[in-house]
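User: I am new to this structure. Please take a close look at one part of it and walk me through what surrounds it.

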Amino acid sequence: MALQSQLPNKIVLQKTYESYRPIFNQILIKVEESLRKNIKISSQPTYKARIKSFKSYYKKVLRQKPKEVATCNGLVTLTDMIGIRIICPFLEDLEVVEQQLSKVYDVKEVEKKGAQQSFREFGYESVHVLIAIPKDCLPDDMGGLVIPEETVCEIQLRTILQDAWAEVEHELIYKSEFNPFDKPLRRKLASINASLSLADTIFQEIRDYQNKLQSELGFRRSAFYNKADKLTDEDLGLSHQVGKAPFAYAATNTSDRSSIDDLVLAALHEHNSSNFAKAIEIYTRILDSKPTPPPVVLGVIFKHRGMAYFAQGEYESALEDFKSSSANDPKAFRSIYYEGIVYGVQGKDKEAIESFNRSLEIDSYQSHVYYRRAIAYFNLAMYKEALADIASAENLGLADDEDLKALKKKLVNKFDMGV
């Protein structure tokens, strides 16, 4: 590696650069494949990959100070000759991807462009991560050329909105003669940039709310199924281990001015904390709120309140709420399934089967509904039907479920006894 005292001849440099392009293309393909394999976020990111064009490359070389231009075999090395952009839906994804890059690759530098800009300025935000070229991404045949030791791959991390802004900005400003003293245009661009930044923040806030809500819902649903399984297993003489999942969310403010979203989270928190009476009180506030929530919202809240009633052993109230849920939302197959669970706990197996049938008519891929219906058939001595449902549950992924195995064993014993 040597430092040039003056810039190389353009024609010679272009010939050298183009001779490296096939190698860079092979590296680009392999690095992108590696990234797709190793980078994991909640939703699939979009990848854009490119080798810097000679025109752009040469423009950047000209901006280098002569004594800072490093060459190898006549090639002036820049950090962005090989570039891959990873475009993610949410701001939180950028940090996750950056952390994964640091764990998997040899990171040489991280630069957060645009992070220091004020709201009055325009310009895209982007995280630029320089990684050393992994050895397994180098071509087998280098064609006699040597890859400079300083060669890196620039990984750009952006949200969808950041990438959209950068593309438009590149056309409006970077590739055109933009007058920096044109204040009206500057104000418009600053306004657009601020709006996109705000939109990114709002999207992330919505995402955070969804994540919190899903965690609450998952915990509550697990607790509901655990109780139903425990009651059912006791009735069948089976053993069932109930495991309580961790929970660490703080209660949400439930003042009169709380939004329905806040009230739902507060109710779910109380529900998951086994404060069922308080949860029922908040669910009821939502149901009684004015203006009346839309039917689909009523369907969800009735379902949640029914689960809280079920947890307290108030099965008739639970059943009434599950029916109200499906009345408001006819496609609420889970509420109809829960009706069947309550009927099963009450020993009303015929009614349970009817509810399970209705739920499966809406969504026939519910493995646990087949299992529950098999229990009801078993209780009614309809063993062939029960065995058929167990086969359906197994085909849908419950083959390793211990409760299902135990019920199947009981059924096989019935057939072995000639029942």
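Analyst: Asp321 sits in helix 9, which covers residues 315-328. The model is a predicted one. Is Asp321 buried or exposed? Its relative accessibility is 2%, so Asp321 counts as buried, the cut-off being under 20%. Beyond its neighbours within four places in sequence, Asp321 touches Phe302, Arg305, Gly306 and Tyr309.

Those four residues are among the ones helix 8 brings to its contact with helix 9. Helix 8 spans residues 295-311. The axes of the two helices are 7 Å apart, at an angle of about 165°. Helix 8 is therefore roughly antiparallel to helix 9. The crossing is left-handed. On the helix 8 side, the contact also includes Pro295, Leu298 and Phe310. On the helix 9 side, Asp321 is joined by residues including Tyr315, Ala318, Phe322 and Asn328. By type, the contact residues are nine nonpolar, six polar and three charged.

Now the sheet. It is open, with five strands in the order 2-5-8-7-6 and mixed pairing. Strand 2 (46-51) and strand 6 (107-113) are the edges. Each has a single partner strand, so one side of each lacks a neighbour in the sheet. On average, neighbouring strands are turned by 20° against each other, direction ignored.

Strand 2 runs antiparallel to strand 5 (residues 82-88), and six bridges join them. Ala49 has Ile84 of strand 5 as its bridge partner. Helix 1 (residues 10-38) packs on this sheet, touching strand 2, strand 5, strand 7 and strand 8. The direction of helix 1 makes about 165° with that of strand 2. Helix 3 (residues 91-104) lies across strand 5, strand 6, strand 7 and strand 8. Helix 3 runs at about 160° to strand 8.

Terms used: Residues are numbered from 1 along each chain as its sequence is written. This is a predicted model: local features need pLDDT of at least 70, side-chain atom pairs count only at pLDDT 80 or more; totals for chains, interfaces and linings use all residues. Side-chain values use heavy atoms; hydrogens and water are left out. Buried means under 20% relative accessible area, exposed over 50%, partly exposed in between (1.4 Å probe, protein chains only). Contact means heavy atoms within 4.5 Å. Axes are lines fitted to C-alpha atoms, for helices over the stretch in contact, and angles run from 0 to 180 degrees between N-to-C directions. Angles under 35 degrees count as roughly parallel, over 145 as roughly antiparallel, 65 to 115 as roughly perpendicular and the rest as oblique. A crossing is left-handed if the near helix is turned anticlockwise from the far one by less than a right angle, and right-handed if clockwise. Ala, Val, Leu, Ile, Met, Phe, Trp, Tyr, Cys and Pro count as nonpolar, Asp, Glu, Lys and Arg as charged, and the others, Gly among them, as polar. Two strands pair if DSSP finds at least two bridges between them.
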